Amino acid sequence: MTDKLIIFDTTLRDGEQSPGASMTRDEKLRIARQLERLRVDVIEAGFAASSNGDFEAVQLIANSIKDSTVCSLSRANDRDIARAAEALKGANSARIHTFIATSALHMEKKLRMTPEQVLEQAKQSVRFARNLVGDIEFSPEDGYRSDPDFLCRVLEAVIAEGASTINVPDTVGYAVPELYGNFIKNLRERIPNSDKAIWSVHCHNDLGMAVANSLAGVKIGGARQVECTVNGLGERAGNCSLEEIVMAVKTRKDYFGLELGIDAKHILAASRMVSQTTGFVVQPNKAVVGANAFAHASGIHQDGVLKARDTYEIMRAEDVGWTANKLVLGKLSGRNAFKQRLQELGVQLDSESEINAAFARFKELADRKSEIFDEDILALVGDESVSLESEQYGFVSLSQHSETGERPRAAIVFTAGGKEMKGESDGNGPVDASLKAIESLVKSGAEMVLYSVNAISGSTESQGEVTVRLQNSGRVVNGVGADPDIVVASAKAYLSALNKLQNKADRVAAQG
Ligand code: KIV
Ligand code: ZN
């Protein structure tokens with residue numbers, strides 16, 4: 001057994017299945033590049049057969065990423081598998097990840113198939129995939145709740161057909177660490193050809209145990225691949241979090257004794273990029289990447305850390321990318337300095353016109369805010385609410401008036417399909433008035449299901465980052481906007497969500 005633990009990141013596939021977290025092709029590419037910088041072994045770039053958008057995103061990532069293996073999910077049928085192989089054609093190293101449910105509940109109620117039919121389909125799909133791509137991963141969906149005897153038959157058969165990675169999902173987050181670890185161990189011991197495959201864990205966090213279960217799958221079960229997402233992003237309570245599993249294995253190398261290829265100093269930038277892109281804010285007390293993860297408030301702790309940092313710190317903040325909130329650029333910084341800082345932050349803007357547009361926004365921000373931090377720059381390049389030609393709605397300007405005892409009013413100018421529009425409204429507060437002013441013209445009828453404001457770099461001088469989640473006709477989208485004025489940030493976030501509602505193409509659900 002090798003002592004390398006493979007990190008398989010599924011932020012762009014399973015993570016994207018969170019309500020409202022869907023990302024554009026370019027956003028996915030930016031995140032994939034950051035994952036490559038992090039030296040993730042496998043990037044699951046999407047589910048190519050689910051929509052044209054997903055196909056294009058997988059294809060773009062496969063053509064652009066050189067160091068990580070690029071993978072596409074695929075249901076266990078020839079059409080999906082052929083589509084995945086097509087999307088992955090340009091990859092340096094490609095993997096198809098095919099799956100079919102094996103629990104009695106899923107087979108009977110969802111697939112309406114007998115166990116024998118499922119077994120045949122699993123074998124046939126791996127055989128078909130193996131002729132198209134050399135590296136095949138197979139997952140028995142709801143594997144942890146499947147009958148172990150049946151699972152052994154399926155897994156032995158797909159290994160014989162050429163699956164080189166066997167992933168055992170705890171699809172509904174039902175496992176507990178010791179039981180999950182032993183479940184994997186028993187499968188490996190009972191299946192005669194189990195040593196021909198690398199075993200992988202894929203845990204959901206419904207009971208808050210995804211990381212613990214994954215670690216047990218590694219330690220007790222002997223798994224050598226962990227499937228995870230940045231910030232633990234994922235449906236319901238999310239997936240196993242990349243930053244936590246990586247830092248657990250690194251920090252407790254004395255116990256796990258495993259090597260990782262990951263370059264951990266890019267973890268924080270990856271976390272910020274994912275939260276700013278999806279609008280899923282990281283809680284302050286989140287391990288490794290939360291704002292408080294390395295903050296010591298109590299006098300005793302502060303005193304201890306100053307005397308000897310390992311009194312209260314088990315990891316070094318700088319090892320996962322925390323710097324002292326560095327002032328990077330200011331009003332007088334030129335285009336070259338800005339471009340270089342973007343590169344250092346891992347942001348690659350593809351065309352000169354994109355760089356020029358981002359630089360113009362940087363200058364505008366620097367006029368209003370004397371100190372520009374890395375977080376500001378990341379928010380600025382992630383901000384799609386400004387008038388991009390390809391977007392339906394773009395922010396132009398806003399004025400609002402609020403005074404104690406008076407009902408606030410707002411007037412907003414924005415573009416709709418390239419034409420300027422001006423809306424006015426009153427509201428319970430300035431934010432409410434501004435969003436009602438937009439809605440008075442757009443009439444989207446969307447329901448707001450979440451509104452949150454977060455200070456990007458801590459103080460009241462920082463930019464406010466707003467997330468707005470809208471729901472309309474069964475679709476859920478998140479819009480994100482940033483600005484030193486939180487009313488403007490809110491309007492930008494609302495317009496960005498409206499753009500996503502417009503753009504979001506229908507797709508087939510992976511587990512539907
Ligand atoms: O949770 C799950 O079962 C999955 C599979 C598609 C691997 O995400
Ligand atoms: Zn999953």
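**Entry 1. Charges over rings**

I began with the side chain of R83 and found its charged end over the ring of F55, 3.9 Å from the ring centre. I then looked up K219, whose charged end sits over the ring of Y255 at 4.2 Å from the centre. I note here that I am working from a predicted model.

**Entry 2. Helix α3**

I turned next to helix α3, which spans residues 78-87. Which residues of α3 are buried? I listed D80, I81, A84, A85 and A87. I then checked how they are placed around the axis: they cover an arc of only 165°, so they lie on the same side of α3. I also asked what covers the buried residues of α3. The cover includes α2 (52-64), β3 (69-75), β4 (94-101) and α5 (115-130). At the start of α3, I recorded a side-chain oxygen of N77 within 3.2 Å of the backbone nitrogen of R79.

**Entry 3. The zinc ion**

I looked up the zinc ion, ligand 2, and its protein donors. They are D14 through OD, H202 through NE2 and H204 through NE2, and they lie 2.0 to 2.2 Å from the ion. Along the chain, the donors follow the spacing D-x187-H-x1-H. I placed D14 in the loop between β1 (6-9) and α1 (25-37), and H204 in the loop between β7 (198-203) and α8 (210-219); the pair therefore ties together parts that are 190 residues apart in sequence. Are D14 and H204 buried or exposed? I found both D14 and H204 to be buried.

**Entry 4. Aromatic pairs**

I counted the aromatic pairs and arrived at seven. One of the pairs is formed by F338 and F359, which are tilted, with 5.6 Å from centre to centre and 50° between the planes. F338 lies in helix α13 (residues 335-344) and F359 in helix α14 (residues 352-368), so this pair ties together parts that are 21 residues apart in sequence. I checked the accessibility of each partner. F338 has 0% relative accessibility and counts as buried. F359 has a relative accessible area of 15%, and because buried means under 20%, F359 is buried too.

I followed F359 to a further partner, F362, and recorded a stacked pair, 5.9 Å centre to centre with 25° between the planes. Both F359 and F362 lie in helix α14, three residues apart, which is about one turn of the helix. F362 is buried, at a relative accessible area of 0%.

Elsewhere I noted a cluster in which ring pairs link Y144, Y180 and F183.

**Entry 5. Positive phi values**

I searched for residues other than glycine with a positive phi and recorded D142, whose phi is near 60°. Where is the place of D142? I located D142 in the loop between β5 (135-141) and α6 (148-161). D142 is buried, with a relative accessible area of 1%.

I made a similar note for N231, which is not a glycine and has a positive phi of about 65°. N231 belongs to the loop between β8 (225-228) and α9 (242-251). At 16% relative accessibility, N231 counts as buried because the limit for that term is under 20%.

**Entry 6. S241 and helix α9**

I then examined S241, in the loop between β8 and α9. With 4% relative accessibility, S241 counts as buried. What does the side chain of S241 reach? I found that it reaches the backbone nitrogen of E244 at 3.2 Å. In addition, a polar contact of 3.2 Å joins the side chains of S241 and E243. Setting aside neighbours within four places in sequence, I listed the contacts of S241 as V211, C228, T229, N231, G232 and K286. N231, recorded above for its positive phi, is thus one of the residues in contact with S241.

I closed with helix α9 itself. Its buried residues are L242, E243, I245, V246, M247 and V249. E243, whose side chain is joined to that of S241 by a polar contact, is among these buried residues. Against which elements do the buried residues of α9 pack? I recorded β1, α8, β8, α10 (253-256) and α11 (267-278).

Notes
Residues are numbered from 1 along each chain as its sequence is written. Chains are lettered from A and ligands numbered from 1 in the order in which they are written. This is a predicted model: local features need pLDDT of at least 70, side-chain atom pairs count only at pLDDT 80 or more; totals for chains, interfaces and linings use all residues. Side-chain values use heavy atoms; hydrogens and water are left out. Donors are N, O and S atoms within 2.8 Å of the metal (3.2 Å for Na, K and Ca); water is not among the atoms, so sites may look incomplete. Helices (H or I, at least four residues) and strands (E, at least two) are DSSP runs, numbered from the N terminus. Buried means under 20% relative accessible area, exposed over 50%, partly exposed in between (1.4 Å probe, protein chains only). Rings of Phe, Tyr and Trp (its six-membered ring) pair if their centres lie within 6.5 Å; planes under 30 degrees apart count as stacked, over 60 as edge-to-face and the rest as tilted. A charge sits over a ring if NZ of Lys or CZ of Arg is within 6 Å of the ring centre and within 35 degrees of the ring normal. The arc is that of the directions from the helix axis to the C-beta atoms. Contact means heavy atoms within 4.5 Å. A polar contact is a pair of N or O atoms within 3.5 Å; within protein, one must be able to donate a hydrogen and the other to accept it, and residues adjacent in sequence count only if both atoms are side-chain atoms.
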